[in-house]
Amino acid sequence: MKTEQFRWTAQTGWAPQVPGGLGASAQVVLLFGSVDLFRANRCFDLVRDAYPNAHLFGCTTGGEIQGMRVMDDTLSLTAITFEYMRVAAAHAPIESVDRSLEAGER
């Protein structure tokens, strides 16, 4: 397994560099951050361009954890490539909480 992590802030942009070292080989990208940054910075477009074959998962947060630090108003990205495993994603609508097990089974 290979991973790379990046953080985006308004002051520095992406650090340590622009994401994409794993490029098309990345299978999964986890992206967490403030709702305002998701809306304002084309982050999905940039991440999709950097990792065109990856399944993209994430959500907005009240604070982002990267390493030993907890930060606010950032985007935290982890890209993952597995050497001997294929990744597949699925989704199902959940009509109500009491039907969530049924959605998972589908």
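In this predicted model, strands β3 and β4 run parallel and are joined by 6 bridges. One of the pairs along this seam is F32 with C59, its bridge partner in β4. On the β7 side things go the other way: β3 and β7 are antiparallel, again with 6 bridges between them. Here L31 sits opposite L77 of β7. Strand β7 (residues 75-81) also takes part in an antiparallel pairing with β1 (residues 2-9), this time through 7 bridges. Within that pairing, E4 faces A79 of β7.

Put together, these pairings belong to an open sheet of 5 strands, ordered β2-β1-β7-β3-β4, with mixed pairing. The edges are taken by β2 (13-15) and β4 (55-60), each of which has a pairing partner on one side only. Going from one strand to the next, the sheet twists by 20 degrees on average. As a bit of background, strands of a sheet pair through backbone hydrogen bonds, and they can do so in parallel or antiparallel fashion.

Helix α2 (residues 43-50) packs on this sheet, where it touches β2, β3 (28-33), β4 and β7. The direction of α2 makes about 160 degrees with that of β3. Which residues of α2 are buried? They are C43, V47 and A50. Looking down the axis of α2, these buried residues fall within an arc of 65 degrees, so they line one face of the helix. The spacing fits a general rule: an α-helix has 3.6 residues a turn, so residues three or four places apart point the same way.

Next comes the nonpolar interior. The largest nonpolar core counts 17 residues, and those touching the most other members are W14, V29, L31, Y51, L75, L77 and A79. Two or more residues of this core come from each of β1, β3, α1 (35-40), α2 and β7. L31 and L77, then, are among the best-connected core members and also stand opposite each other across β3 and β7. More generally, nonpolar side chains tend to be buried together in soluble globular proteins.

Stepping back to the whole chain, there are 3 helices and 7 strands, which follow one another from the N terminus as β-β-β-α-α-β-β-β-β-α. Of the 106 residues, 33% are buried. Among contacts between residues at least 6 apart in sequence, 70% link residues at least 24 apart. The C-alpha atoms fill a box of roughly 45 × 35 × 25 Å along the principal axes. About 7,100 Å² of the chain is exposed, with carbon and sulfur atoms supplying 55% of that area.

Conventions. Residues numbered from 1 in each chain as written. Predicted model: local features only at pLDDT ≥ 70, side-chain atom pairs only at ≥ 80, totals over all residues. Heavy atoms only, no water. Pairing = 2+ DSSP bridges. Helix = DSSP H or I, 4+ residues; strand = E, 2+ residues; numbered from the N terminus. Axes fitted to C-alpha atoms, helices over the stretch in contact; angles between N-to-C directions. Contact = heavy atoms within 4.5 Å. Core = buried A, V, L, I, M, F, W, Y, C linked by side-chain atoms within 4.5 Å. Buried < 20%, exposed > 50% of the residue type's maximum accessible area, 1.4 Å probe, protein only. Arc of directions from axis to C-beta. Areas by Shrake-Rupley, 256 points an atom, 1.4 Å probe, with all protein chains shown as cover.
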